[in-house]
Each structure stands twice: as C-alpha cells, then as structure tokens.
Amino acid sequence: MEMKEIFSERFKSARLMKGFSLQDLADALGNQVSRQALHRYEKGEVIPDTEKINLLSKALNVNPDYFFRITKVEFGEIEFRKLSKMSQKEASVIKEKTKEYLSRYLELEEIIGLNVEFENPLKDIGIIISYQQVNEAAIELRKTWCLGNNAVFNVVELLEDKGIKVVKLDVNEDFDGLQTFVNGTIPVVAYNIKKANKPDRIRLTLLHELAHLLLTFGDITLKQRETLCFQFAGAMLLPEKTIKEELGEYRNKLSINELGNIKKQYGISMQAIVMRAKDCDIINDHYTKQFFFLIKQMNWKVDEPVEYSGEEESNRFEQLLFRALVEDQISMSKAASLNNQSLADFRKEHQMVF
C-alpha cells in the first residue's frame, strides 16, 4: 500500500471517529486548511506537510504518527445492540474508535512477537434454537475455561485472558455493545464506558455479545436470538446448580434482600436473577410478571435498590506496553503513541516508573 493511500485511509478514519464532515473539520481548523484541500487528502491525491499534519492531529485528537500506522484492521460482519436507535454517523464513530484502539493493540502484539490464536471453544456445540441448548453451551464453556460454578470475578479480564479483545468506548448512550471478528480470526467485543457505574450491566452485555460471537443460531427470529443470548449470559454469570443452591428448587416468591445478596456476590442484576430463576423453573411466569410490575412501580428498572461494586477492567494492553518499553522493543515516544498520549503526558503519568 502506497503512503498516500495509507494516509488517506487513516485520515478518513480519524475524521469519522471524531464525527466530522469535511466542512466540520475545516471549521475546527479555523479554515487554515480548506475543505477542498481536505478532500484531496482524503482522496489520496496529496499528503499534507508536517505543519498541517500537526494541525490535523490536534483537531482530530490523534497523534501525528496515527496517520501513517500500517497495522491492518478489517472488520467482519458487525452486529450492534440497539442499532435501530443509532444514526449512521454514530455507528461510524463507534466502528472507527474500535478500529483505532485495535490498530494500536495489534501493532503492540506484533512488535512483541505475540501470535495469539483463538479457537472457538463452542465450535462443536451445534445449531442453537432453544434455552436448553444455550444453558448446555454455558455449562460447556465454564467447564472448558475451568470456572466451576463460582462467581466470575472480572468478565473483561476473563475474555482478554482467553484471547478475546475487549474494547471500551466512550460513545452515545444508546450504544450497549457490539461483537465481530477482525482480520478474519481475532474475536472482538466492545462496550460503552458510560455504563461504568453499572458494572453488572457491563458484565451481562459482554457475555451477551460473547453468545453472538461463539454460537451459531438456527432459523429463529431476531427477538428469539436476543433472548437466547441473554439466557446464555445469565447462565454464565449464575449457573443453574448455583442459583438452585442459593434459592432452592422451587419458590412461591423471592425477597429483595436475597436477590440483592446474590447480585453483590455474582455481579448479575436483580432483574436478570429473576429471569434466570424463571428459566430454571424455580419461579413461575405469574410471579415473574408480578416481580417486574413491582420493579416498574418502584422505579427500579435502571437503578435497583442494591448495587454491585465490582470493577470490570483488564490491564493486558498496559502490561504489554510496559514489557515492550522495558525490553527496549519500543522507544518512549512510540509507547506514548501506542497509548494514544503525547510524550509529555506519558512521561508525566509514568515518571515514577521510568
């Protein structure tokens, strides 16, 4: 790929990531660069000089070397949660922000010499059309990943440890998550950090996306598929054996206190616990409807009366960055660039270490 082509592709990506039209960018630059000139950059007709690249990097909030990064990031089919609520512009922002992070992540792995291969642990599970099948799939995955029936402490870290790239995005609140494969073989899930004050919601979202990523669904409706993905997520967070140990085999009603205690221990919302109890035949449909009527009446749908205080975070990227830096595989300025920071900001943040 020629340098003009690399620059034009990266330039367009940075513009879309910012949510700018060419005219928006010209305005942000105070018309120091005309819309016509920006159009030529994007078409690959010319590469701007260093002064203009610096102007562009500041306006688009990227490092100058961003425009010349050659790491390939090609998306497979992308499925967004709540896509109907999202404009094309917002969808482009999400895709380009995901691509930008992954380009840095994959370049870092390449520098270190990591060849992370992912094999779908559920590839032989068959075509999914029922709750029984997703429940069995969750049991199989927990067994393969040696999770037993215990609480999953950190879903983000678990997925990263298993070779799945997890991308956190600061984007429109309508966005919950997405999943896809990058470059044909690299699994990716993304979530919105605007939900960070609801870690139980992030956990359910990530495992919901994992279901889309790993499972092959039969000829069912979109709504049925979404339900099955949520049931898989619930089964991953709270296995059937575990919930029956906590609640018993059959119940006429449940208390808010016991639901709150399970939420705090297993990182799953009270509403998801009740749905899980219904799926496991611990409670019946009638009581489930009564419970959700109470949730609506008490205005607990968004803010439940008990909070889960766990954190969802992985330090893998940062660990790899420091490893490459200490081993002199990258310079300090390259480390700053890969961390999407200026050299001054990177030095200031890590002055106690380097």
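**Exercise 1. How many residues of strand 5 are buried, and is the strand enclosed or open to the outside?**

Solution. Keep in mind that you're working with a predicted model.

Step 1: Locate the strand. Strand 5 covers residues 186-192.

Step 2: Sort the side chains by direction. Ile 186, Val 188, Ala 190 and Asn 192 point one way, while Pro 187, Val 189 and Tyr 191 point the other way. Both sets are buried.

Step 3: Conclude. With 7 of the 7 residues buried, strand 5 is largely enclosed by the rest of the structure. For background, buried residues make up 49% of the 354 residues in the protein.

**Exercise 2. Work out how the open sheet is put together, and say which strands stand at its edges.**

Solution. Step 1: Get the order. The sheet has 4 strands, arranged 1-4-5-3, and the pairing is mixed.

Step 2: Find the edges. Strand 1 and strand 3 (165-169) each have a single partner strand, so one side of each is left without a neighbour in the sheet.

Step 3: Check the parallel part. Strand 3 pairs with strand 5 in the parallel sense over 5 bridges. Across this pairing, Lys 168 stands opposite Tyr 191, and Leu 169 stands opposite Asn 192.

Step 4: Check the antiparallel part. Strand 4 and strand 5 pair that way over 6 bridges, with Phe 181 having Pro 187 as its bridge partner. These two strands form a hairpin with 3 residues between them. In the turn, look for Asn 183, which has a positive phi of about 55°.

Step 5: Pick a residue in strand 4 (residues 177-182), say Gln 179. Gln 179 counts as buried because its relative accessibility is 6%.

**Exercise 3. Take the salt bridges Glu 100 to Arg 104, Arg 203 to Glu 312 and Lys 123 to Asp 124, and say for each residue whether it is buried, partly exposed or exposed.**

Solution. The whole protein has 22 salt bridges, so these are just examples.

Step 1: Start inside a helix. The closest N and O atoms of Glu 100 and Arg 104 are 2.7 Å apart. Both residues lie in helix 5 (residues 88-112), 4 residues apart, or about one turn of the helix. Glu 100 is buried at 6%, and Arg 104 is buried at 7%. They also belong to a network of salt bridges that links Arg 69, Glu 100, Arg 104, Glu 107 and Lys 334.

Step 2: Go for the long-range pair. Arg 203 and Glu 312 meet at 2.8 Å, N to O. Arg 203 sits in helix 8 (residues 199-214) and Glu 312 in the loop between helix 13 (285-297) and helix 14 (316-326), so the pair ties together parts that are 109 residues apart in sequence. Arg 203 is buried at 0%, and Glu 312 is buried at 9%.

Step 3: Finish with Lys 123 and Asp 124, whose salt bridge spans 3.8 Å, N to O. Lys 123 comes out partly exposed at 49%, whereas Asp 124 is exposed at 66%.

**Exercise 4. Which residues form a negative surface patch, and where is Glu 74 placed?**

Solution. Step 1: List the members. They are Glu 2, Glu 5, Glu 9 and Glu 74.

Step 2: Place Glu 74. You'll find Glu 74 in the loop between helix 4 (50-60) and strand 1 (79-80).

Step 3: Test its accessibility. Patch residues need over 30% relative accessible area. Glu 74 has 48%, which makes it partly exposed.

Key:
Residues are numbered from 1 along each chain as its sequence is written. This is a predicted model: local features need pLDDT of at least 70, side-chain atom pairs count only at pLDDT 80 or more; totals for chains, interfaces and linings use all residues. Side-chain values use heavy atoms; hydrogens and water are left out. Patches are made of residues with over 30% relative accessible area and no salt bridge: like charges are joined within 9 Å, nonpolar side chains (Val, Leu, Ile, Met, Phe, Trp, Tyr) within 5 Å. Accessible areas come from the Shrake-Rupley method with a 1.4 Å probe; for residues, only the protein chains shown count as cover. A salt bridge is a side-chain nitrogen of Lys or Arg within 4 Å of a carboxyl oxygen of Asp or Glu. Lys and Arg count as positive and Asp and Glu as negative; His and the chain ends are not counted. The place of a charge is taken as NZ of Lys, CZ of Arg, CG of Asp or CD of Glu. Buried means under 20% relative accessible area, exposed over 50%, partly exposed in between (1.4 Å probe, protein chains only). Two strands pair if DSSP finds at least two bridges between them.
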